[in-house]
Amino acid sequence: MAQSPPRSGRPPIQQLQTVADLLDTPALARLYAHILQHGPVTVSELVDELDIPQGTAYDYVQNLETAGLVGKTRDQRPYKYDAESIALTLSTDGETQTITPALIAAVARRDEDEDIDIYIERHGLDGLAVALEYAYEYVDGTVNHRIAARELDLSPLEAEIILQALEPVATEYADAVA
């Protein structure tokens, strides 16, 4: 069940493909996360701040705008864009997982952080989402890497590595969870 009403008025099921693309394309996820955290921004600012090709930036912004995840905040050029926060909850066979901006931001770091990339390869996006939940508790001091290791069925070293890799995301998005 989707929880955030889309800005575009598009039903959440129509946004599903774009959300899937965000989880599968770290550069797109990085662009979305940047707009959400720093918007409204122009495409030129995205090109400069994210060091991505201009054509790619325009394509990504257009795809996100078509899906209703990004919208123009002014009608004059250069256009400025702001992003809509996502909260898409999926349920299958009794398992439930919510796709949040923090999860997308964690995926966005996949290209830059080898530890996150390896963790996703070993445990999938569901595993990353669960590790992110522990990262919030790790940041606020209620869980340490040994507790996370035991509960996630990981070695203490692997738990420490992923918690440290996710710590910046958990810190940045802590207010969204509280």
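A search of the whole structure, which is a predicted model, finds 7 salt bridges. One of them joins Arg30 and Glu112, a pair that links distant parts of the chain. The points below cover these side-chain pairs, helix H7, a nonpolar surface patch, two cis peptide bonds before Pro40 and Pro78, and positive phi values at Asp93 and Asp153.

**Salt bridges**

- The side chains of Arg30 and Glu112 meet with a nitrogen-to-oxygen distance of 3.4 Å. Arg30 sits in helix H2 (residues 26-38), while Glu112 belongs to the loop between helix H5 (101-108) and H6, so that the partners are 82 residues apart.
- Arg30 is partly exposed, at a relative accessible area of 24%. Its partner Glu112 counts as exposed, at 58%.
- Asp117 and Arg110 form another salt bridge, with 2.5 Å from N to O.
- Arg110 has 17% relative accessibility and counts as buried, because the limit for that class is under 20%. Asp117, with 27%, is partly exposed.
- Arg150 and Glu151 also meet in a salt bridge, at 3.8 Å from N to O. Arg150 is exposed, with a relative accessible area of 59%, whereas Glu151 reaches 44% and counts as partly exposed.
- Elsewhere, Arg110, Asp117 and Glu121 are joined into one network by salt bridges that share partners.

**Helix H7 and its surroundings**

- Helix H7 spans residues 145-152, and its residues Ala148, Ala149 and Leu152 are buried. These three lie on the same side of H7 because they cover an arc of only 100° around the axis.
- The buried residues of H7 pack against two other helices, H6 (114-140) and H8 (156-172).
- Arg146 and Arg150 are exposed on the other side of H7. Arg150 is the residue that pairs with Glu151 in a salt bridge.
- The N-terminal end of H7 is capped by Asn144. A side-chain oxygen of Asn144 lies 2.9 Å from the backbone nitrogen of Arg146.
- What follows H7? Asp153 does, and its phi is positive.
- Asp153 lies in the loop between H7 and H8. Its phi is near 60°, in a residue other than glycine, and Asp153 is exposed, with a relative accessible area of 71%.

**Nonpolar surface patch**

- Which residues form the nonpolar patch on the surface? They are Ile13, Leu16 and Leu90, and together they have about 270 Å² of accessible area.
- Ile13 lies in helix H1 (residues 12-24). With a relative accessible area of 64%, Ile13 is exposed.

**Loops with cis peptide bonds**

- The peptide bond from Gly39 to Pro40 is cis, and its omega is near 0°. Pro40 is in the loop between H2 and H3.
- Thr42 is also located in the loop between H2 and helix H3 (43-50). Is Thr42 buried or exposed? At 8% relative accessibility, Thr42 counts as buried.
- With neighbours within four places in sequence left aside, Thr42 is in contact with Pro78, Tyr79 and Lys80.
- Pro78, one of these contacts of Thr42, is joined to Arg77 by a cis peptide bond with omega about -5°.
- The loop that holds Pro78 runs between strand E1 (70-72) and strand E2 (81-83).

**Positive phi in a strand-to-strand loop**

- Asp93 is not a glycine, yet its phi is positive, at about 45°.
- Asp93 is placed in the loop between strand E3 (88-92) and strand E4 (95-99). Its relative accessibility is 83%, and Asp93 counts as exposed.

**Helix H9**

- Ala176 is part of helix H9 (residues 174-177). The residue is exposed, with a relative accessible area of 64%.
- Ala176 and Pro101 are 75 residues apart along the chain, and their C-alpha atoms are separated by 8.9 Å.

Conventions: Residues numbered from 1 in each chain as written. Predicted model: local features only at pLDDT ≥ 70, side-chain atom pairs only at ≥ 80, totals over all residues. Heavy atoms only, no water. Buried < 20%, exposed > 50% of the residue type's maximum accessible area, 1.4 Å probe, protein only. Helix = DSSP H or I, 4+ residues; strand = E, 2+ residues; numbered from the N terminus. Arc of directions from axis to C-beta. Contact = heavy atoms within 4.5 Å. Polar contact = N/O pair within 3.5 Å; in protein donor to acceptor, adjacent residues only side chain to side chain. Patch = residues over 30% accessible without salt bridge, like charges linked within 9 Å, V, L, I, M, F, W, Y side chains within 5 Å. Areas by Shrake-Rupley, 256 points an atom, 1.4 Å probe, with all protein chains shown as cover. Salt bridge = Lys/Arg side-chain N within 4 Å of Asp/Glu carboxyl O.
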